[in-house]
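The exercises below are meant to be worked through with the sequence and the three-dimensional view side by side. Please try each task before reading its solution.

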Amino acid sequence: MTEISETHTRGLKDRRADALGDLRLLPDEIILAILASLGARDVSRLACVSSVMYILCNEEPLWMSLCLNNVKDHLQYKGSWKKTALLQEHMPNGYIEPCEKPLHFDGFNSLFLYRRLYRCHTTLDGFTFDNGKAERRKDLSLEEFCHEYDGKKPVLLAGLADTWPARSTWTTDQLLLNYGDTAFKISQRRSRKITMKFKDYVSYMKVQHDEDPLYIFDDKFGEVAPGLLKDYSVPHLFQEDFFDVLDRDQRPPFRWLIIGPERSGASWHVDPALTSAWNTLLCGRKRWALYPPGRVPTGVTVHVNEEDGDVNIETPTSLQWWLDFYPLLADEDKPIECTQLPGETIYVPSGWWHCVLNLETTIAVTQNFVNSKNFEFVCLDMAPGYHHKGVCRAGMLALDKGSFENGKIDAFCDKDGLNYPDLTRKEKRVRTYQPGKDPDNQSARNGACKSYDLWNQDFYYDINFLSVFLDQEKDHYSSLWSSSNCIGQREMREWLCKLWVGKPGMRELIWKGACLALNAGKWLERTAQICTFHGLPPPTDDERLPVGTGSNPVYLISDSVVKLFVEGGLEASIHSLGAELEFYSLLCKVNSPLKDHIPDVLASGILFLDNGSYTIVPWDGKGVPDVIAKCNLVPAKCMEDGFSFGVWSKKDFEYKKAGASTYESISSAECAGIWPYIITKRCKGKIFARLRDTLPRDDVLNLASFLGEQLHNLHILPHPSLNNSIHLSLDNGFMDEISDKIGIPAEWEIFIRTLARKRKDVSSCLTKWGDPIPSSLMEKVDEYLPNDFAKLLNIFQDENGQDKVNKPCCWIHSDIMDDNIHMEPCRISSCLTTPATDSCLTGNGSADGCTEEVSWRPGHILDFSDLSIGDPIWDLIPIHLDVFRGDPCLLKQFLESYKLPLVRRTSQNGLEHDDKFRRLSYHAMCYCILHEENVLGAIFSLWKELKVAKSWEEVEETVWGELNNYDGFC
């Protein structure tokens with residue numbers, strides 16, 4: 001019955017039209033969605049506009065949303081969401097007390113509000129259900145589990161937790177006694193992270209009447225309450241976990257403490273990265289619903305972004321699905337259902353859809369894992385592209401008709417006459433029936449049956465079938481990484497390398513996974529071609545996978561290192577290699593001591609496909625190879641015998657890219673299969689990243705001194721002159737805010753203009769990166785950054801009236817991180833005062849009865865592919881944040897060895913009235929904000945207290961304050 005007809009039936013005048021005016025045309029749910037985007041004070045004012053607006057503005061779910069959007073610290077529920085939200089706004093009690101006595105109006109009816117109110121007060125005492133499709137087993141052996149269930153179907157298991165202390169200690173009262181003041185993470189349908197002390201959460205559970213109650217879902221419970229980890233153990237059926245090879249801070253979230261009241265739960269989803277999971281219930285009852293892979297539940301929409309493969313699932317709450325969608329299903333379309341009881345463990349295989357509703361207050365623990373049965377699926381899900389991600393979750397419904405030239409698929413589509421969802425330019429949606437559109441529910445039943453038939457007949461959750469949908473044009477190294485992936489791009493590569501080394505007996509399986517995720521077979525084939533051309537031995541079995549965490553494939557082949565350049569496409573790659581070769585040439589010419597700490601270059605060239613066969617041309621960085629010239633990549637005014645793709649050409653390329661959301665790089669069929677490469681001598685020892693947690697403090701201080709010395713050597717190197725041989729694209733109609741009152745040297749002008757371009761896009765960049773960058777600081781970033789970056793140069797006039805820059809312009813490495821520093825082993829003898837000779841390194845035992853200890857000294861700086869020219873402060877960013885992890889003592893040690901001014905001393909600086917430009921910390925912070933990498937994410941992860949910082953100046957002082965004490969700035 002419509003709102004108006006119900007009101008007229010009771011003989012009451014409908015007040016909606018008069019009370020809402022033009023807004024009466026909008027449904028109530030739309031009005032409430034608009035109200036939810038406002039602030040608490042604005043909604044309070046709108047409540048005074050009219051009677052209907054008063055009713056809408058006093059709805060508790062609305063105030064819950066307003067409150068959760070504005071949580072600054074631990075959440076404390078105050079009996080109602082409106083009261084809680086107003087107290088967050090520090091409203092006087094005089095304004096809050098009237099809220100407890102709401103006004104009542106007749107003549108208004110809203111089916112939408114009624115449904116929400118009904119869900120808020122529904123009790124689930126009689127909701128227990130088991131349709132017998134979920135098997136229950138006890139005393140299941142590992143062999144039986146692997147044969148019957150692992151990777152195949154869900155099962156409820158009894159007895160696995162019988163000996164756990166958690167069976168008696170994980171009750172609300174016991175946890176309250178032991179962890180009452182511990183703050184746990186709260187799960188809600190929003191991106192903002194919320195925590196509550198357990199005592200506050202228990203108080204909330206006792207009085208709440210929410211349709212989707214707050215739910216403790218904490219993946220860090222083992223860190224905040226380590227005692228809980230002693231109360232349970234991983235059941236013997238799930239001991240195999242390939243993520244175990246990663247350090248705790250590297251592996252993705254994998255275990256959760258789950259506590260929630262009646263009506264709470266987890267809405268429809270597939271577990272991250274297609275992992276499998278087990279969930280053990282300690283108290284309460286849970287109702288489960290499960291569908292096989294590819295079978296999208298009615299009411300659920302799957303979104304897959306075509307650019308990066310990001311997967312988002314739009315779904316009703318668990319309670320709403322069971323109340324509004326479940327009754328529409330035909331019996332054959334209903335999910336597998338069961339009620340989980342205390343002490344039972346449910347196993348959910350990879351790719352299975354599941355939804356959980358808590359029938360009463362429940363406490364559970366769950367863990368996701370990767371084993372030999374689901375490993376290939378996990379690797380597949382992290383491969384670039386989007387088709388395969390959609391098919392894994394939504395089956396054939398994820399494809400538009402004819403999107404694949406596959407006879408079986410197209411024939412099935414034509415035969416069945418199914419209409420596939422249209423594709424938007426950037427996002428594919430798998431649409432399903434929404435209630436209220438079809439009064440007879442016939443389309444719901446027909447659509448559900450068709451989707452079931454489609455899944456049942458032509459979809460196979462088989463790795464060979466699913467891999468057909470991989471995008472062969474996409475490559476791991478040059479494609480965008482999906483934010484929905486459970487692990488970072490570099491961490492995923494390191495994971496595969498650790499598995500390769502740590503599980504030699506499973507290399508056949510690991511290789512299959514690496515080929516899916518990395519296209520490892522193709523990169524090995526290309527590397528082998530390079531090795532053959534240069535007379536290197538072919539890669540051994542141990543050397544088949546690329547190493548390191550960099551953005552380009554790197555192979556360790558015998559005593560050599562082969563690196564292929566792919567990051568950013570061919571234009572970026574050829575500039576990276578060209579600038580690096582120009583730098584090595586200069587290094588040898590001036591005989592800098594830095595060359596003793598950089599691996600020797602053995603060869604370099606370009607590998608490309610020519611009529612289906614690999615061809616290699618050597619290239620020393622000079623001139624333009626024919627294969628590159630055919631791609632129209634020749635810089636303007638380049639010299640035939642010069643470094644055409646040297647550092648200034650690279651700076652020009654970076655300027656053109658800066659600030660552009662999508663840079664139109666040169667691409668054609670001729671450019672598709674071209675890979676520049678370099679071969680360097682392999683260093684002995686280990687990278688600092690693998691040693692840092694075991695090194696004594698003295699070794700780390702020595703490293704800081706070493707980096708200071710080598711950065712000194714790098715920054716005093718002469719850089720190539722910027723002359724007419726290179727044409728810079730500074731005047732192309734792009735109006736940058738560069739001061740026209742002062743003269744800026746050409747080498748600085750491109751640096752400043754690039755920063756100005758980045759500034760124009762900074763807000764969208766920070767928004768894209770998101771958490772852990774505080775939103776309050778995002779709003780203040782434009783105010784903090786200078787409008788004119790030329791002021792960072794401290795330009796002054798000398799005695800001859802000439803404009804001079806007060807900063808040194810120099811070579812910068814840009815990427816000195818813990819994986820780009822190589823450490824050498826040396827044995828220290830207690831009876832000697834100097835390090836042992838190299839011969840000691842290969843010997844065993846000790847000489848003359850002396851006790852020997854292995855120490856590590858820094859030997860080489862690696863990977864100069866990110867070379868640039870600019871402000872030396874830029875080099876401090878990765879060193880301080882990644883290598884030193886924000887340790888001010890190490891930064892101070894570094895600066896003591898660096899011994900170069902970061903700003904030249906002068907009696908004239910022209911900045912008497914603007915102190916912020918005097919602060920080196922301000923310069924460094926501006927560069928952090930404008931950095932192409934998510935440097936701010938690292939800052940707010942290292943200094944967690946800065947998440948509540950009130951200003952950028954507070955962040956600046958905490959992170960970079962030590963720079964202002966440096967004598968080089970006096």
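**Exercise 1. Take stock of the whole chain.**
Find how many helices and strands the protein has, and what share of its residues is buried.

*Solution.* Begin with the secondary structure, which comes to 37 helices and 28 strands. Then turn to burial: of the 970 residues in the protein, 54% are buried. The accessible surface comes to about 43,400 Å², and carbon and sulfur atoms account for 49% of that surface. Finally, consider the contacts between residues at least 6 apart in sequence, of which 77% join residues at least 24 apart.

**Exercise 2. Judge where the model deserves caution.**
State the average pLDDT of the protein and inspect the stretches 665-669 and 732-741.

*Solution.* The model is predicted, and its confidence score, pLDDT, averages 84, with 83% of the residues scoring at least 70. Over residues 665-669 the score stays under 50, and the model has 5 contacts beyond four places in sequence for this stretch. Over residues 732-741 the score likewise stays under 50, while the contacts beyond four places in sequence come to 18.

**Exercise 3. Describe how two helices are covered.**
Which residues of helix H15 are buried, and what covers the buried residues of helix H35?

*Solution.* In helix H15, which spans residues 318-325, the buried residues include Ser318, Leu319, Trp321, Trp322 and Phe325. These buried residues pack against H9 and against the strands E7 (265-270), E9 (286-291), E12 (336-340) and E14 (353-358). Helix H35, residues 920-930, is mostly covered, since 11 of its 11 residues are buried; among them are Tyr922, His923, Met925 and Cys926. The cover over H35 includes the helices H28 (746-760), H29 (762-769), H31 (781-784), H33 (873-883), H36 (935-942) and H37 (952-960).

**Exercise 4. Place Phe894 and Ser479 in their surroundings.**
Decide whether Phe894 is buried or exposed, do likewise for Ser479, and list the contacts of Phe894 and of Ser479.

*Solution.* Phe894 sits in helix H34, residues 888-898, and counts as buried because its relative accessible area is 1%, where the limit for burial is under 20%. Beyond its neighbours within four places in sequence, Phe894 is in contact with Ala704, Leu707, Gly708, Leu711, Leu876, Ile879 and Phe884. The C-alpha atom of Phe894 is separated by 8.3 Å from that of Leu701, although these two are 193 residues apart along the chain.

Ser479, by its place, belongs to the loop between helix H20 (463-466) and helix H21 (489-502), and at a relative accessible area of 17% Ser479 is buried too. A polar atom of its side chain lies 2.6 Å from the backbone oxygen of Asp475. Leaving aside neighbours within four places in sequence, Ser479 is in contact with Pro384, Lys474 and Gln489.

**Exercise 5. Compare salt bridges.**
Where do Glu337 and Arg287 lie, and where do Asp782 and Arg759 lie?

*Solution.* The count of salt bridges comes to 40. The side chains of Glu337 and Arg287 form one of them, at 2.6 Å from N to O. Glu337 lies in strand E12 and Arg287 in strand E9, so this pair ties together parts that are 50 residues apart in sequence; both Glu337 and Arg287 are buried.

Asp782 and Arg759 also meet in a salt bridge, at 3.6 Å from N to O. Because Asp782 is in helix H31 and Arg759 in helix H28, the pair ties together parts that are 23 residues apart in sequence. Asp782 is partly exposed, at 39% relative accessibility, whereas Arg759 is buried, with 15%.

**Exercise 6. Examine two backbone angles.**
What is phi near for Asn591 and for Lys899?

*Solution.* As background, most residues other than glycine have a negative phi. For Asn591, however, phi is near 55 degrees, a positive value; this residue is found in the loop between helix H24 (570-590) and strand E19 (601-610), and is exposed, with a relative accessible area of 53%. For Lys899, phi is near 55 degrees and therefore positive in a residue other than glycine.

Note on methods:
Residues numbered from 1 in each chain as written. Predicted model: local features only at pLDDT ≥ 70, side-chain atom pairs only at ≥ 80, totals over all residues. Heavy atoms only, no water. Helix = DSSP H or I, 4+ residues; strand = E, 2+ residues; numbered from the N terminus. Buried < 20%, exposed > 50% of the residue type's maximum accessible area, 1.4 Å probe, protein only. Polar contact = N/O pair within 3.5 Å; in protein donor to acceptor, adjacent residues only side chain to side chain. Contact = heavy atoms within 4.5 Å. Areas by Shrake-Rupley, 256 points an atom, 1.4 Å probe, with all protein chains shown as cover. pLDDT = per-residue confidence, 0-100. Salt bridge = Lys/Arg side-chain N within 4 Å of Asp/Glu carboxyl O.
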